[in-house]
Amino acid sequence: MEEKSTFSDLTEAERKALEELMPDEMGEIISSGIKRRHFLKLFAVTGTSLLAANLLGIEQLMARSVPIEEQPSELIENGINVSFEVNGSTQKLTVDSRMTLLDTLRERLGLTGSKKGCDHGQCGACTVIVDDKRVLSCLTLAATCEDKRVTTIEGLATGNELHPMQASFIKHDGFQCGYCTPGQICSAVALMDEAKNGDASYVTANVREKKSAVNLSNEEIRERMSGNICRCGAYPNIVNAIREVHGDKAVAQVWQFADGTI
Amino acid sequence: MRPFKYANASNPAAAIKIVTADPAARFLGGGTNLVDLMKEDVMHPSQLMDVTRLKFSVIEKKANGLSIGGTASNAVTANHDLVRENYPLLSMAILAGASAQIRNMATNAGNLNQRTRCTYFYDANMPCNKREPGTGCGALHGVNKNHAILGWSEKCVATYPSDMAVALAALNAVVQVEGSGNTKRNIPFADFHRLPGEHPEIDNTLKHGELITSIDLPENRLAEKSYYLKVRERSSYAFALISVAAALETNGNRIKDVRIALGGVAHKPWRARIAEQWLRGKEPTQANFRAAASAELKHAKPLGQNKYKVGLAAKAIVRALEGAMQGGTYGAMEADSTTTNQN
């Protein structure tokens, strides 16, 4: 079938998700690809939980990119052979010594979840987790990553199950444009470990008092997340999303769809 | 970014030898400042020698204090039990700087080697004697609201950006360095960074090729009364307009030992020795703190746009000393500042 062949790009699960959610749009999606408009419509036709369940398939569909072409060696100056783990799989590549981890993830490995905001270590949009610590991939040279373990936003979910922090950001609407979100979420995931370790912050009442784990107040969350700037100003919702994952109590959702559903 | 060679050092002596032999080579720590400066074309090293895997990351007790490794990260240092317990001033200062991500990357040695954030230094189209000697100082009669009020010269009015270094100045730290041919020496912290004078292009007294292996913190009795106050334009993730590292040891109702160092006021962490001298042996009262602060700042020479810093620094010194007297707890200082604001 003609339609089937255009569809060969989709997995069965992705096709099913789209058909269930937007039967009227399928023809257009098949002929011209998925557009932001379709994605927005998902918000209108689904409840949050249903959306969350299907989001991964859709996200994977949208992130489906052209195969990454291997860099011709004449374009690499001062090449460094480097091997490191990204989201559980080992990557071996030759990088220009100037290549940052961020550019390597985006341009060489096709992992465009990590965002280039300022590219100068001032915004946090490029935050990834290297060897269990959150770092800025825009100021990390790829050459320095030998044998390291890198986790990006693409590596947080388990199969089709969102990481609790991802689900919580959706529940609490912890974003508007979404550009800072991958960095915010990676940062927040690493923050949970720092809190468990009892790490202090500038607003910790007394740094001499050591605790095995710290309970983060809103002020603590804000201070510890200050390396992630959100130009849309979704901070109150980001704090709620983090509090939900960090605490043992559910945090009330403060928004609803126009028809009153949540 | 201009092309450069990269090598991962596995042996300190070999790494030091290679860097020493090439005047344009640099050591690479966390890269949080150097990589950015390379992107801005402010610095263009011929090669980077990555020293982060060398065995200089240990934090351990020494006979007369604590030794913190040059390649230990800022985050690990600030959260180390021995640092939090015995040198809370250092923990607080590190945690006041940058963001969690940057503190995870930045090394202690790199922190001391970071460059000024003066916008004229950062903009390769502007005159700057620090970046390009002889081109003049754009900030001297330009936009200088964030610049120095003490110790500056006609050649340079930039300030030193580190918070960590302000605490190290107050703690009388000693910088241990290793040079080529296995030569080792130590540099008292007060002599590590320098005032600009005629040569603002030179930030500190390290010789090219010398590697900071550790920073020694001598024992003290200041831990119970230490406070790091940072005043900035937003409450986190911003460089200091003024910062104060304050620590006291009292004997009865008298000040036995007092340390005050200022950030954001000079080309180096500014040890307020006049104020310290004034306070030793006196009672730790607000009136005395005020008198000591104004004795220190009598010598301030503000520029066109930063007269506010003189008054701000005086008030910050008083508040930091009061914070230290209250046990250096953040909550207490916040409650206090609310009262102050209402007045």
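# A walk through a predicted two-chain model

The largest nonpolar core of this predicted model has 158 residues, and Leu89(B), Ala93(B), Ala167(B), Ala245(B) and Ile317(B) are those with the most contacts inside it. Helix α13(B) gives this core its largest share, nine residues. As background, nonpolar side chains in soluble globular proteins tend to be buried together. To see what surrounds one of these core residues, look at Ala93(B). Leaving aside residues up to four places away in sequence, Ala93(B) touches Asp163(B), Met164(B), Val166(B), Ala167(B), Tyr228(B) and Ala245(B). Two of the residues just named, Ala167(B) and Ala245(B), are also listed with Ala93(B) among those with the most contacts in the core.

Let us stay with chain B and turn to its sheet. Four strands make an open sheet in the order β9-β10-β11-β12 of chain B, with antiparallel pairing. At the edges are β9 (226–231) and β12 (270–271) of chain B, each of which pairs on one side only. Strand β11 (residues 254–263) of chain B joins β12(B) through two bridges, again in the antiparallel sense. If you would like to find this pairing in the structure, start at Ala261(B): its bridge partner in β12(B) is Arg271(B).

Helices lie against these strands. Helix α5 (residues 88–96) of chain B lies across β9 and β10 (242–251) of chain B, and runs at about 20° to β9(B). Helix α13 (residues 308–325) of chain B packs on the sheet as well, where it touches β9, β10 and β11 of chain B. The direction of α13(B) makes about 40° with that of β10(B).

Stepping back, chain B is divided into domain 1 (5–52) and domain 2 (223–342). The C-alpha centres of domain 1 of chain B and domain 2 of chain B lie 37 Å apart.

Now for chain A. Its secondary structure comes to 10 helices and five strands, and buried residues make up 40% of its 262 residues. Sequence distance is worth a thought here too: of the contacts in chain A between residues at least 6 apart in sequence, 59% join residues at least 24 apart.

A good place to explore chain A is strand β3 (127–130). Both faces of β3(A) are covered: Thr127(A) and Ile129(A) are buried on one side, and Val128(A) and Val130(A) are buried on the other. Which strands pair with β3(A)? One is β4(A), which pairs with β3(A) in the antiparallel sense over four bridges. Within this pairing, Val128(A) stands opposite Val135(A) in β4(A). Another is strand β5 (residues 149–151) of chain A, which is antiparallel to β3(A) over two bridges. There, Val130(A) stands opposite Val150(A) in β5(A).

The link from β3(A) to β4(A) deserves a closer look. The two strands form a hairpin with two residues between them, and Asp131(A) is found in this loop. Asp131(A) has a positive phi of about 45° although it is not a glycine. That is worth pointing out because most residues other than glycine have a negative phi. Is Asp131(A) buried, exposed or partly exposed? Asp131(A) is partly exposed, because 14 other C-beta atoms lie within 10 Å, while a buried residue would need 20 or more and an exposed one would have 12 or fewer.

A second positive phi comes just after α7(A), where Asp173(A) takes a value of about 55°. Asp173(A) is found in the loop between α7 (164–171) and α8 (181–196) of chain A. With 18 other C-beta atoms within 10 Å, Asp173(A) is partly exposed. The helix before it, α7(A), is mostly covered, with six of its eight residues buried. Those buried residues are Met165(A), Gln166(A), Ala167(A), Ser168(A), Phe169(A) and Lys171(A).

Finally, let us see where the two chains meet. The contact takes 35 residues from chain A and 34 residues from chain B. On the side of chain A that touches chain B, β4 (133–136) and α9 (218–224) of chain A each supply at least two residues. The largest share of that side, four residues, comes from β4(A), which is also the hairpin partner of β3(A). By type, the residues of the side of chain A that touches chain B divide into 11 nonpolar, 14 polar and 10 charged.

Notes. Residues are numbered from 1 along each chain as its sequence is written. Chains are lettered from A and ligands numbered from 1 in the order in which they are written. This is a predicted model: local features need pLDDT of at least 70, side-chain atom pairs count only at pLDDT 80 or more; totals for chains, interfaces and linings use all residues. Two residues are in contact if their C-beta atoms, placed from the backbone, lie within 7 Å. Ala, Val, Leu, Ile, Met, Phe, Trp, Tyr, Cys and Pro count as nonpolar, Asp, Glu, Lys and Arg as charged, and the others, Gly among them, as polar. Two strands pair if DSSP finds at least two bridges between them. Axes are lines fitted to C-alpha atoms, for helices over the stretch in contact, and angles run from 0 to 180 degrees between N-to-C directions. Domain bounds come from an automatic or database domain assignment. A nonpolar core is a set of buried Ala, Val, Leu, Ile, Met, Phe, Trp, Tyr and Cys residues joined through C-beta atoms within 7 Å.
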